[in-house]
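Visitor: I'd love a close look at one part of this model, with the surroundings filled in as you go. Could you take me through it slowly?

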Amino acid sequence: MRTRAFILVALVLLSNEGMPRAAAEEAAGAVPTRNTLVIQAEGGKSIISRNLYGQFSEHLGRCVYEGIWVGEDSPIPNTRGIRNDVVAALRKIQVPALRWPGGCFADEYHWKDGIGPREQRPAMINTHWGGVVENNHFGTHEFMDFCEQIGAAPCLCGNVGSGTVQEMMEWVEYITSDADSPMANLRRKNGREQPWKLPFLAVGNENWGCGGNMTPEFYADNFRRYNTFVKDYGNNRIYRVACGANVSDYDWTESLMKNVGRRMNGLSLHYYTLPTGDWSHKGSATRFTEAEWHETLRRALDMDELVTRHAAIMDKYDPDRRVGLIVDEWGAWYDVEPGSNPGFLYQQSTMRDALVAGVTLNIFNRHCDRVKMANIAQMINVLQAMILTDKEKMIVTPTYHVFEMYTVHHDATLLPSELKSADYAVGGRKIPDVSASASRDKSGKIHVTLCNLNPNQSAEVDCELQGAKANRLAGRVLTAPEMNAHNTFDQPESVKPADFSAFKTTPAGFTATLPSKSVVVLTVE
Ligand code: AHR
């Protein structure tokens, strides 16, 4: 403590010589930035779907094989081949929905190769991800079992790029039909008597790119054709997701809304945060400057504009907001960890990623009248993962902790709020210091999630609660001394949530002082 105080004084004296005292203290991070938040605690009409907290798992690198599936004979403790440590960790963050089998892999996946006795399943080459041989040991039954074990709703992504209409039609019959029909009987033969529920089906993935390089008009026609044969068997009702835009391709959204309209239930959007914006040099996950920290968060915040503008186009065709915007791939994408297979997209996850997750989830919450599902990429060992494994070892990432802290928003009512944030500027570019969203849960408690994006200064948030009184407050915080703090297999708990008490009630609501680079959840009763 004494050393820190000395450094602080020295900093103020040395580097800010000649500056007014308050400005010098602020520059040294001693003075919190000032921010105000007004929450309409009695308002709120829109529900934050728990599915905004969905995940994505692709046959890519070590996400499925090793991350989820180790096989029944593995020394790693498992239930029917699915690792127990991973299931236990995922149950704690209440994964609502899980997208599978891709991604780009989905449009080269043929589901019939992944059923029946495992040793008889044909192998294939995973052309997108490292050219490795895929043995199809993790198929439909294994995925459905995994979803049941973690309590998530399955979201299948069907093959439009290289698959047939019949194939997609039969997959749905195989999974959901209770009839005495060829596909239902094949499922029974493979050991599953009762049909499963299939709540979500995506009709293709990135069909503007790896899923077939289609034009929006050609894809729209394909969606209409494939979707015609996707049947609702018994009382299963499928929410049909059409392939949506790549980032800011607003023409794609316009064309899909015009040509498909309400034949689809949801329209997807894919957006990844690259610190540099350059796919050939994305930047390191763990070694970065403050300028890269700032730029990464600036780009993550672009999600707000993307959602706003795609939603505005959707509003023209669908003013009642019956078609959901489904952000079924998002997250930070860095250069792979040195020494790892470039096709496996394995990256570490730091405090920076916790902030990327925190601000993005706040954006989704605030747009919950249009955004109905989102799936972070990806669940385990790939991109902005929740979990990293090294054979029998498993750790959770800072991003995992944010998802756990934000579970309070699942299916809660969004409370309208207005934030006036100070600026956090680097190199002449400004982003807000603070990000926030608020909701009221079914028991009446108010939950506020707040992020301080500034890695140097704490942020004071003065919150006015309109229509409610803060009698009792409780909080938790995720923060760390370094921007690139992360968990490793040797130090698995470097970054983890702690109790938070830097708040006090005020006549109007409360004030809270968020540490620099932190994610905070406050519960108000
Ligand atoms: O998540 C990795 C890849 O990114 C997915 O397979 C693809 O859909 C996207 O381009």
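Guide: Happy to! One term comes first: two residues are in contact when heavy atoms of theirs lie within 4.5 Å. Please also keep in mind that this is a predicted model.

With that in hand, let's begin at Phe138, in the loop between strand S7 (133-134) and helix H4 (140-150). Setting aside residues within four places in sequence, Phe138 is in contact with His59, Val64, Tyr65, Ile68, Trp69, Trp100, Tyr109, Arg121, Phe143 and Phe146. Phe138 counts as buried because its relative accessible area is 1%, and buried means under 20%. For a distance to put on screen, take the C-alpha atoms of Phe138 and Gly81: they are 9.2 Å apart in space, with the two positions 57 residues apart in sequence.

From Phe138 we can step to Phe146. Apart from neighbours up to four places away in sequence, Phe146 is in contact with Ile68, Ile82, Val87, Leu90, Leu98, Phe138 and Met379. Phe146 and Trp330 have the most contacts inside the largest nonpolar core, a set of 109 residues. Helix H10 (residues 351-366) supplies the largest share of this core, with nine residues. Another core lies apart from it, with 24 residues, including Ala459, Leu465, Ala470 and Val520. As background, nonpolar side chains in soluble globular proteins tend to be buried together.

Now for the ligand. Its shell is made up of Phe56, Glu58, Gly103, Cys104, Trp129, Asn205, Glu206, Tyr272, Glu329, Trp333, Gln378 and Leu383. By class, the residues of this shell are six nonpolar, three polar and three charged. Three short polar distances are worth displaying. The side chain of Tyr272 places a polar atom 2.7 Å from an oxygen atom of the ligand. For Glu329, a side-chain N or O atom is 2.7 Å from a ligand oxygen. Cys104 takes part through its backbone, where an N or O atom lies 2.9 Å from an oxygen atom of the ligand. As for cover, the ligand taken alone exposes 280 Å², and the protein buries 93% of that.

Several shell residues deserve a second look for their backbone or their partners. Gly103 sits in the loop between strand S5 (97-100) and strand S6 (124-125), and the peptide bond from Gly102 to Gly103 is cis, with omega near 15 degrees. Gln378 lies in the loop between strand S13 (371-377) and strand S14 (387-390). The peptide bond from Ala377 to Gln378 is also cis, with omega near -10 degrees. Glu206, in the loop between S9 and H7, is not a glycine, yet its phi is positive, near 40 degrees. Glu206 is buried, at a relative accessible area of 12%.

Asn205 is placed in the loop between strand S9 (200-203) and helix H7 (216-228). Because its relative accessible area is 1%, Asn205 is buried. Its side chain makes a polar contact of 2.8 Å with the side chain of Arg99. Beyond four places in sequence, the residues that Asn205 touches include Arg99, Gly103, Cys104, Asp107 and Glu329.

Asp107 gives us a way on to Asn159. The backbone oxygen of Asp107 is reached by the side chain of Asn159 at 3.4 Å. Asn159 is found in the loop between strand S8 (153-158) and helix H5 (165-176). A polar atom of the Asn159 side chain also lies 3.3 Å from the backbone nitrogen of Gly161. Asn159 counts as buried because its relative accessibility is 6%. Among its contacts beyond four places in sequence are Tyr109, His110, Met168 and Tyr226. Tyr109 brings us back to the start, as one of the residues in contact with Phe138.

For one more view, try Leu419 in strand S17 (residues 417-420). Leu419 counts as partly exposed because its relative accessibility is 24%. Leaving aside residues within four places in sequence, Leu419 is in contact with Thr36, Leu37, Val434, Ser435 and Ala436.

Conventions. Residues numbered from 1 in each chain as written. Predicted model: local features only at pLDDT ≥ 70, side-chain atom pairs only at ≥ 80, totals over all residues. Heavy atoms only, no water. Near = heavy atom within 4 Å. Polar contact = N/O pair within 3.5 Å; in protein donor to acceptor, adjacent residues only side chain to side chain. Areas by Shrake-Rupley, 256 points an atom, 1.4 Å probe, with all protein chains shown as cover. Nonpolar A, V, L, I, M, F, W, Y, C, P; charged D, E, K, R; others polar. Core = buried A, V, L, I, M, F, W, Y, C linked by side-chain atoms within 4.5 Å. Buried < 20%, exposed > 50% of the residue type's maximum accessible area, 1.4 Å probe, protein only. Helix = DSSP H or I, 4+ residues; strand = E, 2+ residues; numbered from the N terminus.
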